[in-house]
Amino acid sequence: MSSEPVALASPEEVPWKKLSPKAPLAALLPLSGMIGRIFLGALLPTFFAREQGLPIILLVIVASVAVLMLAAGLYEVATTSYRVVGAQLEIRSGIFTRTSRFIEAARVQNTEVLQPFVSKLLGLVEVKVETASGGKADGHLRGLTPEDAQALIHALQAVRREGAAVLLPGDAAPEERVLSEARLGGLLLYGATALGLGVLAVAMGAMHEIAETFHKLLLPWMEAHWEALAAPGMVWLSATVAAIAGLFGLWLVSGARAVLQFHGFRLVDTGTHLRAVGGLITRRQVTVRRARIQQVVLDEPLLRRALGFGSVEVETAGVRTGRQSEDRAELLVPVVPTARMPELLKDFVPELPDAMSFQGAHPKALLRARIRAVGLSVLVAAPATWFWGAWGAVAWLLLPAQLFGAWFDWRFQGWLVTEALVVVRQGFWRRRTTVVQRSRIQSARARQGPLERGYGVAHVRIDVAGSHVILPSVSWAEAQSLIDVLPARRPTRHAPLATLPDVRLPG
Amino acid sequence: MTAPLPTLERLPRGALTLFRIRALLRMGIYGAITFAVALGLSFAGNERWPFLLPCAVVLGLSVLTAWYPQRAHERWGWALRDHDLVISHGVLLQEVVSIPAGRIQHVDVHQGPIERSLGLARLQIYTAAGSGADGEIPGLARETADALRERLVRREADDVV
């Protein structure tokens with residue numbers, strides 16, 4: 001695999017490197033946060049039940065389990081040592097029960113260098129090495145000195161015979177091409193347009209709370225102090241103002257989150273790698289090997305399109321968990337002006353054609369979407385009318401909106417197969433364009449549910465490592481031929497099949 | 001663009017027996033569960049109607065048992081080609097999967113007690129896509145399963161994903 005000097009040393013000769021002595025101190029806060037999140041669900045009911053004088057003992061038990069877990073985590077950090085032997089990174093932890101983990105350098109999908117706030121104070125960094133195997137970072141070293149981190153990553157790269165791609169905090173930047181940078185205004189816009197469904201639910205709850213508070217506390221006080229407010233109609237006006245102020249506040253919070261995550265974001269191209277740095281309190285640096293890119297997703301919700309930008313998610317085979325696709329992506333470029341988009345995509349996927357003419361979805365898919373829209377609207381509007389009468393009947397407005405949305409969704413989805421890529425565009429309100437390398441397809445499947453059979457359509461799902469994409473509806477025959485065509489055929493490297501025993505079913 | 005699907009290999013007769021036995025077992029289990037529920041209900045003071053519940057479940061499932069395994073057996077098919085393995089199955093949700101050669105990470109051969117008594121085996125094919133087995137072929141003859149596994153893993157896998 002390698003002829004580097006480091007690879008020639010026998011395992012006994014390579015010394016173990018310890019983490020910095022300050023590492024447990026740096027790990028204290030992140031570990032407590034992690035454990036706290038696990039126990040939040042258990043602690044909240046316990047906290048509320050305490051008022052009835054019930055299980056305070058339970059609280060004590062949970063707290064002691066949490067403390068034990070924290071101690072175990074800190075013990076692991078304190079006893080972790082690592083070394084690069086041959087083409088592998090070996091991480092060892094524990095004294096009584098010793099665990100060793102071997103990570104092959106060639107299998108590393110991406111590396112991440114993090115500097116949370118406490119680590120920054122202590123002058124340390126964290127290194128995450130991700131392979132394609134599981135949900136959590138496979139090699140997570142908390143509390144390395146920057147020099148050690150640099151040495152480790154260089155050693156891993158030396159095995160793969162690659163140049164420097166990682167830049168540690170404080171290093172002078174060499175001559176590199178900057179692909180994308182984010183400014184404060186852009187990030188605020190990104191945050192403001194990142195209102196997902198979960199955020200909206202929280203926002204609705206918060207609005208309710210605001211209205212309650214307003215009516216109970218604020219309104220009597222205001223009416224007592226301001227004469228003008230006692231006039232009829234003014235209450236509604238001030239309630240609306242309060243609600244808008246609340247919404248604006250939420251947008252600010254969302255914007256602040258974006259700034260925390262991406263402040264000073266910079267994406268550079270180092271030739272073989274893409275490196276992104278960003279973050280206000282926790283500084284995060286992700287390095288992705290260009291050859292490891294599995295999938296590139298263009299995320300352009302309507303609001304962002306109207307404001308003239310979108311974001312780009314780059315995924316490698318590292319398996320990450322998270323509800324939102326933004327959490328799952330290994331590398332996220334938050335703000336890309338629409339005009340810059342094709343150029344940036346070309347940087348990620350050079351094979352992308354200049355003019356993309358998408359094939360549309362099957363006409364029957366529109367019928368299906370329309371029937372679903374009508375069904376959904378009736379399901380919501382009919383009970384609403386029944387319960388709330390004339391006000392409930394307003395819900396019938398949902399019907400044209402849904403029908404309109406169904407047409408738009410259908411009209412603007414499309415797919416395209418080129419020599420090397422599959423491009424899929426979906427959605428009108430939340431448009432996502434996914435680019436998948438055909439040579440990276442793990443499996444392709446054509447599916448037809450009982451309802452789809454009724455319409456004579458089917459859908460194709462393509463799996464790549466760590467992610468999947470579903471093509472718009474096509475006919476069943478086309479779906480079947482597509483799964484045959486899509487995975488790129490590579491030169492067969494196995495022994496010719498004729499030399500192997502024939503497999504025919506007995507009988 | 002319109003490459004027709006290859007002729008698929010069918011599952012052996014034994015697989016139909018396997019599907020039928022499984023369906024019968026499922027019927028027995030669900031029947032027993034609903035019978036227990038009915039027994040509980042009758043002890044709780046209801047007179048006779050609770051026992052209609054297991055009767056209805058068993059009747060419904062026996063109709064399914066008569067029809068479903070046959071259909072499922074007809075729909076299962078697989079083909080090993082130079083560049084991929086194709087598996088087709090599904091009665092309600094029909095599915096055709098193509099797993100390219102060289103993408104297969106590992107292959108499992110399973111044999112439960114019923115399968116062992118019938119001389120059958122279930123093949124599970126894993127790729128790096130991550131979420132469980134990507135392809136599965138139940139009810140293969142043991143020799144076929146072994147030969148197929150041998151040919152699938154003999155292909156040199158890609159060094160990286």
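This passage walks through the nonpolar cores, the aromatic pairs and the charges over rings in a predicted model.

A good place to start is the interior. The largest nonpolar core holds 34 residues, and those touching the most other members are A:Leu267, A:Val296, A:Val312, A:Leu331, A:Val333, A:Leu344 and A:Phe348. Among the elements of chain A, strand β14, spanning residues 331-337, gives the most to this core, with 5 residues. A:Leu344 offers a view of the packing: beyond its neighbours within four places in sequence, A:Leu344 is in contact with A:Leu179, A:Leu267, A:Val312, A:Val333 and A:Val336. A second core, separate from this one, has 31 residues, including A:Leu89, A:Val127, A:Leu144 and A:Val159.

Attention now turns to the aromatic rings. Over all chains, the count of aromatic pairs is 11. One of them joins A:Trp407 and A:Phe408 edge-to-face, with 5.4 Å from centre to centre and 80° between the planes. A:Trp407 is partly exposed because its relative accessibility is 34%, while A:Phe408, at 15%, counts as buried. A:Phe408 also pairs with A:Phe412; here the centres are 5.7 Å apart and the planes lie at 5°, so this pair is stacked. A:Phe412 has a relative accessible area of 21% and is therefore partly exposed. These three residues belong to a cluster linked by ring pairs, together with A:Phe404, A:Phe428 and A:Trp429.

Charged side chains meet rings as well. A:Arg305 lies over the face of A:Phe428, at 5.3 Å from the ring centre, and A:Phe428 is one of the cluster members. Elsewhere in the sequence, A:Arg92 lies over the face of A:Trp16, at 4.0 Å from the ring centre.

Key
Residues numbered from 1 in each chain as written. Chains lettered and ligands numbered in written order. Predicted model: local features only at pLDDT ≥ 70, side-chain atom pairs only at ≥ 80, totals over all residues. Heavy atoms only, no water. Core = buried A, V, L, I, M, F, W, Y, C linked by side-chain atoms within 4.5 Å. Buried < 20%, exposed > 50% of the residue type's maximum accessible area, 1.4 Å probe, protein only. Helix = DSSP H or I, 4+ residues; strand = E, 2+ residues; numbered from the N terminus. Contact = heavy atoms within 4.5 Å. Phe/Tyr/Trp six-rings, centres within 6.5 Å; stacked < 30°, edge-to-face > 60°. Lys NZ or Arg CZ within 6 Å of the ring centre and 35° of its normal.
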